[in-house]
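Student: Could you take me through one part of this model up close? I'd like to hear about the packing inside it, and then whatever else ties in.

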Amino acid sequence: MEKQRSEALTTPPRLRWFSRDHRAVARLYFVLAMVAVIVGQSLSLIMRFHLIKPQAKVGWFESLWPTGAPSGVMTPELYLSIMTLHGTIMIFFVLTTAPMGTFANLVLPEQLGARRMAYPRLNAWSFWTIAVAFVVLIASFVGPGGGPLAGWTAYPPLSAIGAITGPGEGLGQTLWLASIAIFCIGSLLSAINIIATVIDMRAPGMALMQMPVTCWNWFITAILSLLSFSVLLPAGILLLLDRVAGTSFFVPEGLRVGDQIIQGGGGSPLLWQHLFWFFGHPEVYMAILPGFGAVSVILSVFSRKPIFGYKAMVTATVAIAVLGMLVWGHHMFTSGLNPYSSLAFSVLTIAVAVPSSVKTFNWLATLWGGQIELTSPMLYSLGFISVFVTGGLSGIVVGQPGLDQYFHDTYFVVAHFHLIMGVATVFTLFAATAYWFPLLFGRMMNETLGKWHFYLTFIGVYAIFLPMHFAGFAGNPRRYADFTTFDFLAPLMPLHRAITHAAYFTAAVQLIFIVNLVWSACKGPVAPDNPWGASDGEWPKRDALD
Ligand code: HEM
Ligand SMILES: [Cu+2]
């Protein structure tokens with residue numbers, strides 16, 4: 001078996017579209033996430049361009065979106081729909097699918113001493129369900145009437161009542177909801193598969209507390225996914241029904257839009273916020289927990305030391321997941337929540353800092369006294385710790401109901417969540433890609449390009465997201481297409497110009513990663529059996545090969 005596996009390592013794999021093999025499915029998820037992230041990042045550049053040049057006439061805007069950018073000038077509605085697509089793609093199709101879909105599929109079975117997932121056919125079905133959801137999402141954006149503009153949170157009542165609330169709020173918003181519902185189904189199937197694999201497929205004699213820490217993190221992520229997508233799915237269906245079947249779960253009585261009174265009513269828009277964030281906060285952990293696992297392993301492999309405090313790591317992950325299910329109300333401090341509820345949500349939110357600090361301490365302790373090798377997976381992992389701590393610090397600020405009254409819906413929040421969720425997770429994905437590349441494509445990535453990519457990206461993301469905190473201090477609203485309409489924001493324009501240029505720079509730097517990826521996958525040096533000298537089960541064992 002070891003020999004077979006080593007052959008599998010050296011034969012460059014192809015994309016196999018309908019295979020049930022877990023590694024083949026992993027590759028498909030990887031390709032989907034790459035397509036998604038390239039689209040998502042390009043959209044962010046268009047937004048950043050528009051924010052500093054809101055009146056610019058751009059010919060291809062008009063060709064692409066004739067109604068969204070008549071005579072080439074982007075309308076606020078188009079800005080909002082680009083923002084909606086950017087957020088939705090990044091959250092669902094990058095941060096949710098890549099950490100589990102790609103990397104759990106790639107290595108979880110072998111790490112458990114199994115040769116396949118519990119339900120291989122279901123696994124392939126989960127991927128294709130998610131791929132269909134992606135196509136439907138893109139259709140929502142390019143279909144007649146324009147893309148939805150309710151953001152990735154789709155708050156009712158505006159998202160519930162149709163085209164009257166804006167272009168794209170007709171068919172576009174309906175397709176958006178359909179896409180998310182399909183996505184929920186794919187994610188639930190995949191979560192069930194991972195839970196069953198961990199419970200059922202472990203090698204005889206491998207106790208749960210002997211699993212590699214990565215397996216724990218995928219396991220807990222899958223449980224979170226099961227609990228929270230099973231709430232988002234019915235919530236999304238209820239919102240769809242409000243739109244297409246005349247119900248009003250989320251539409252209040254006597255709602256007036258423009259000069260029209262909306263019929264029906266009696267529902268509660270706040271109910272959606274509760275249901276959505278009951279999913280939405282755990283979602284952040286679904287994105288980052290698999291990365292915690294990958295980083296723990298990578299730090300240990302490249303310090304040549306075991307992970308410091310395995311039990312504490314597992315306990316902290318469980319604690320983060322449990323607390324993570326109980327803090328959704330911190331997204332609703334400004335919604336008129338009872339102050340005592342706010343206090344409870346706030347205390348629980350701040351409590352997450354404790355297990356998070358335990359993890360950070362253990363990562364640093366793993367490094368301490370080790371023989372540190374600054375390979376590219378290691379650099380990305382260190383970069384992750386940095387942005388995770390920086391993003392965590394601003395979390396303590398917005399976790400205070402009083403401060404959040406001011407910061408809510410400002411650029412402070414945009415800075416906070418991009419660092420803690422977006423960039424932190426993306427760094428773990430870079431780390432996992434570089435580390436497990438030999439298993440993904442049978443070859444090695446180029447270390448020099450990897451290092452350049454890391455250092456420049458690290459500088460770039462801080463240059464984008466640190467200054468955003470200052471815009472937030474100044475009260476700069478988010479989800480807003482044109483700051484030049486506010487006199488009080490005029491002094492911030494140089495800051496925004498700097499942020500936009502940093503975004504161009506960071507995007508350009510990502511080309512290094514893409515070149516490295518494509519070149520290495522086709523022409524990189526063939527990977528040795530266990531290139532990093534790691535001891536986990538996904539790598540063929542030295543002695544078994546000799
Ligand atoms: C360096 C690349 C990125 C840049 C320049 C960027 C830029 C932006 C901008 C300009 C907005 C709109 C802010 C507003 O008008 O309120 C935004 C929103 C958002 N971004 Fe990014 N972004 C980047 C990467 C990411 C990543 C990696 C994620 C993954 C989590 C992400 C997730 C989101 C989400 C969830 C929203 C909110 C959408 C909404 O409010 O509905 N972004 N981003
Ligand atoms: Cu949250």
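Tutor: Let's start with Ala424: leaving out residues up to four places away in sequence, Ala424 touches Ile288, Phe384, Val387, Phe388, Gly391 and Leu419. Keep in mind that this is a predicted model. Those contacts fit a wider picture, since Ala424 is listed with Ile298 and Ala431 as the residues with the most contacts inside the largest nonpolar core, a set of 155 residues. The largest share of this core comes from α14, which puts in 22 residues.

Helix α14 spans 411–441, and it also turns up around ligand 1: along with α2 (22–52), α4 (76–111) and α16 (493–523), it supplies at least two residues of the shell. The top contributor to that shell, though, is α4, with seven residues. Of the 25 residues around the ligand, the ones that come nearest are Gly87, Met90, Gly151, Gly422 and Arg478. Sorted by class, the shell around ligand 1 is made up of twelve nonpolar, ten polar and three charged residues.

For a contrast with the core, have a look at Val397, which sits in helix α12 (residues 376–398). Val397 counts as partly exposed because it has 16 C-beta neighbours inside 10 Å, and a residue needs 20 or more to be called buried. Once neighbours within four places in sequence are set aside, Val397 is in contact with Leu403 and Phe407. Pro528 is another matter: its C-alpha atom and that of Val397 are separated by 47 Å, with the two residues 131 apart along the chain.

Definitions and conventions:
Residues numbered from 1 in each chain as written. Chains lettered and ligands numbered in written order. Predicted model: local features only at pLDDT ≥ 70, side-chain atom pairs only at ≥ 80, totals over all residues. Near = placed C-beta within 6 Å. Helix = DSSP H or I, 4+ residues; strand = E, 2+ residues; numbered from the N terminus. Nonpolar A, V, L, I, M, F, W, Y, C, P; charged D, E, K, R; others polar. Buried ≥ 20, exposed ≤ 12 C-beta atoms within 10 Å, placed from the backbone. Contact = placed C-beta atoms within 7 Å. Core = buried A, V, L, I, M, F, W, Y, C linked by C-beta atoms within 7 Å.
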